[in-house]
Amino acid sequence: MATPLLDGHSGLVLGATQKPSSWRLLREARRLPLLVWLSAAVIFFTAWASIAPGTLARHSPLETDLLNTLGPLSADHWLGTDEIGRDLYSRLVFGARESFLIGILAMIIAIVLAVPLGFLASLPPPFARAAVDRIIEILLSFPTLLVALLFVTILGQSPFNVAVAVGIGAAPGYARLVRGQSLLVRSSAYVEAAIALGHTRARVLFQHIIPNSIRPLIPVTGLGIGKAIVWSSSLSYLGLGVKPPSSEWGALLAAGKVQLLEAPSLIVIPGTAVVLVALSFSTLFSYIQARSEGAKT
Amino acid sequence: MSTTASVSQREILFDVQNLNVGFATLDGHKPVVHNFNLRLHKGETVAIVGESGSGKTVATRALLGLAGDNALVDAEVLRYREQSLLTVKPREWKALRGAQIGYVLQDALVSLDPLQPVRREIGEALEAHLDLDRNQRQQSILELLTRVGVPQPEVRQDQYPGELSGGLRQRALIATALAQNPPVIIADEPTTALDVLVQNQVLQVLRALIKDGTSLILISHDLSVVASLADVILVMKDGRVVESGATEQVLHHPQHPYTKALIRAIPGAHTRGRRLSEAPSTLESRRDDIAASASSTRIGEVLLEARSLQKMFKAPDGQPIYAIRNASLQLKKGEVLGIVGQSGSGKSTVARILLGLTAADSGAVLYQGIEWLKRNHQDRRLVRGKIAMVHQDPYSSFDPRWTVARILNDVLSLYGGGKKTQRQDVLRLLHTVGLNQQHADAYPIHLSGGQRQRVAIARALAVNPEVLVLDEAVSALDVSIQAQILDLLIDLREQYDLSIIFVSHDLGVIHHIADRVLVMKDGEIVEEGLAQEIFSTPRHAYTQELIAALPRLEHTAFRRAA
């Protein structure tokens, strides 16, 4: 964390002096903003639930209790029960793995597709640029969900295929972002400076253009993880997502819609979980990005 | 000009005694302005001069109740006429701002709403207080635009800020401040970032206001700009007024060392061959007359040459616009070639073509007799290391993800040198430009403008160049920081035997540093010659106009008497 500098030609005061050692990182961690701490905590618990759900939940996610359906929040059922008496908290915990993986995998697939496509669209030859541009526009003109539907129909229903389908559906939007940023970076003064200094084209591309074009994707993908979970729930709602006994969060949202009036908590609670995870990724990624540039948050 | 005695009998508009302004931050109270005193009489012009961060803007914003929500303002006396400004309620400020005190914001380029035509912008300022019908308002708008010297006000009033030049925007902004004919106008850096000709036009507008009896508070980092207008000058440094007094007194008999440094820092004819700042030279055996002797003895054969360069752009309507028309120039070894002209004159385009960053439509660029731009990317790279560039805005020329050390390493690794020596090389480079180890691991965002420009110069030196091309490299800096950078350049030129192309719109800077000068206008080189000749006996009418518009300290007394 650098402190502001005093101006002048000599006798300068500076905060950022050494490369951060691990001890220094620990010391700095205490100064992290509260929001970053909270975000990290949310992601940590979601990750824990994905790896070892049994250690966090007391009930089985499939154990039904027909005498206690749509039960309220209680000491035994922290978040209440659903329409056939399954413990919502346990379902949430056991569903974390699939949701988490669908969100992250879908984003990875989206980025892997979007980055090369976006770069192609920003290439100098005008015909190549125009061609890729039109392709992206055609893809963009289909709603993400429709593209996802198409692919899940082709590939078949499974958590993995849902992630692939959502990833493909989200890719064109990110490609557009990369394209715009890449054009901006290409015409930036620091790329010009690098060329004027005599760097090779490849070096300018890998050192400056690619990393700086991808930069704005970082916080956006955080939100994208949450969005992917919501899209997978839309697929579930249409009966094309992850199949019912699973408590994937999207499936929970889809199932909760049926009980919207009697038990709104069935949709509010998984919805909150999705939004929390999405915001946490976004906050954390933005923070990491800002820190990597030395900017203060 | 009236004497001080008669001034003191006039009505006092602003009376400020012991004004302190501080800001509440997470780390506690941060004082910014200390014991600020100011007295503005009716019809008087007070200039507040100091470098950025000296608190001049904060102090004047406190006079308008605009210091900010987290600002703590206290003062023994803070009065506008009979009214104490310390107890004014937010509602009551409305009656003061605009009607009593007009405020011209710092940056004309962003202070106008880009989605409103000028007419609406001024109309809004009129509407806030005056009850005018449509025709009267229209009439007032035209009168205001005419008053601030906007040509063809009927046409201009319907244009958007984006369609106006910097000078016109600044004048439109002044017109909004004038809308309700306030007795006092506060103008914050009204001519900064403007060309010398345009600056002169804006100063004329301000001069006309003073003649009409308006009282003015002018803020600037440049003493020479305010010298011809101000009756009283306050010099601020680190939140304190270090010197104040009548203009002649401050300019000709400055008491405080900082005032002396500011006056010394203004480049021009009288400063050729001497240092502008008090910063110690980075050269160990430096003599003060070194620049003067260097210019006459060292100049050798032609190093870089441009032959009949031509560059054309197409306007949206298909009309060709010549950025450069038949421009030829030669840079000899060891000389400083100044290229001067207004914005849009094509001087930056020439620099970019010389660097191979823009392709000319026709013409040739020769480096040591070899035509280098006709070659492929690989062969060009061999010459790249010989010609280095410093941008106008150094910050945008650094990759934002990189620390200073990495920026320099990146270049050092390109031109040999083992990994082990690199850290030392980085430190050596930083030392050369007057920075130190502490800056190596900082990000550019945490450096000041002057420090960034030093890093940019260090990067240019890292390639070990023969030629340094500087495109408006000091234009965005305060006069005092500019002085340090110019001194540094002269040192480096000596130390590294550099030839320099110095592009600038500032004639004072060019006069200070250049051996030979090219004057550009509308893409053409209209005059060329040794600096002394050009500045003493300009032949082309445009050059004469440029030189006449240059604000000069030594002319102040004369101009004010006239």
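The chat below goes through the two chains and some of their salt bridges.

Visitor: What kind of model is this, and how are residues and chains labelled?
Guide: This is a predicted model, in which local features need pLDDT of at least 70 and side-chain atom pairs count only at pLDDT 80 or more, while totals for chains, interfaces and linings use all residues. Residues are numbered from 1 along each chain as its sequence is written, chains are lettered from A and ligands numbered from 1 in the order in which they are written, and side-chain values use heavy atoms, with hydrogens and water left out.

Visitor: OK, how many helices and strands are there in chain A?
Guide: Chain A has 11 helices and 0 strands, where helices (H or I, at least four residues) and strands (E, at least two) are DSSP runs numbered from the N terminus.

Visitor: And in chain B?
Guide: Chain B has 24 helices and 21 strands.

Visitor: How much of each chain is buried?
Guide: Buried residues, meaning those under 20% relative accessible area (exposed is over 50%, partly exposed in between, with a 1.4 Å probe and protein chains only), make up 47% of the 297 residues in chain A and 56% of the 562 residues in chain B.

Visitor: What about the surface, how much of it belongs to carbon and sulfur atoms?
Guide: By the Shrake-Rupley method with a 1.4 Å probe, where for residues only the protein chains shown count as cover, chain A has an accessible surface of about 14,400 Å², with 73% belonging to carbon and sulfur atoms. For chain B the accessible surface is about 23,900 Å², and there the share of carbon and sulfur atoms is 49%.

Visitor: Switching topic, how many salt bridges are there?
Guide: Over all chains the structure holds 23 salt bridges, each being a side-chain nitrogen of Lys or Arg within 4 Å of a carboxyl oxygen of Asp or Glu.

Visitor: Which residue does B:R81 pair with, and where do the two lie?
Guide: B:R81 forms a salt bridge with B:E11, and their closest N and O atoms are 3.0 Å apart. Because B:R81 lies in the loop between β5 and β6 of chain B and B:E11 in the loop between α1 and β1, the pair ties together parts that are 70 residues apart in sequence.

Visitor: And B:E189 with B:K56, are those buried or exposed?
Guide: Both B:E189 and B:K56 are buried, and their side chains meet in a salt bridge at 3.8 Å, N to O.

Visitor: Which residues are joined into one network?
Guide: Salt bridges that share partners join A:R134, A:E137 and A:R176 into one network.
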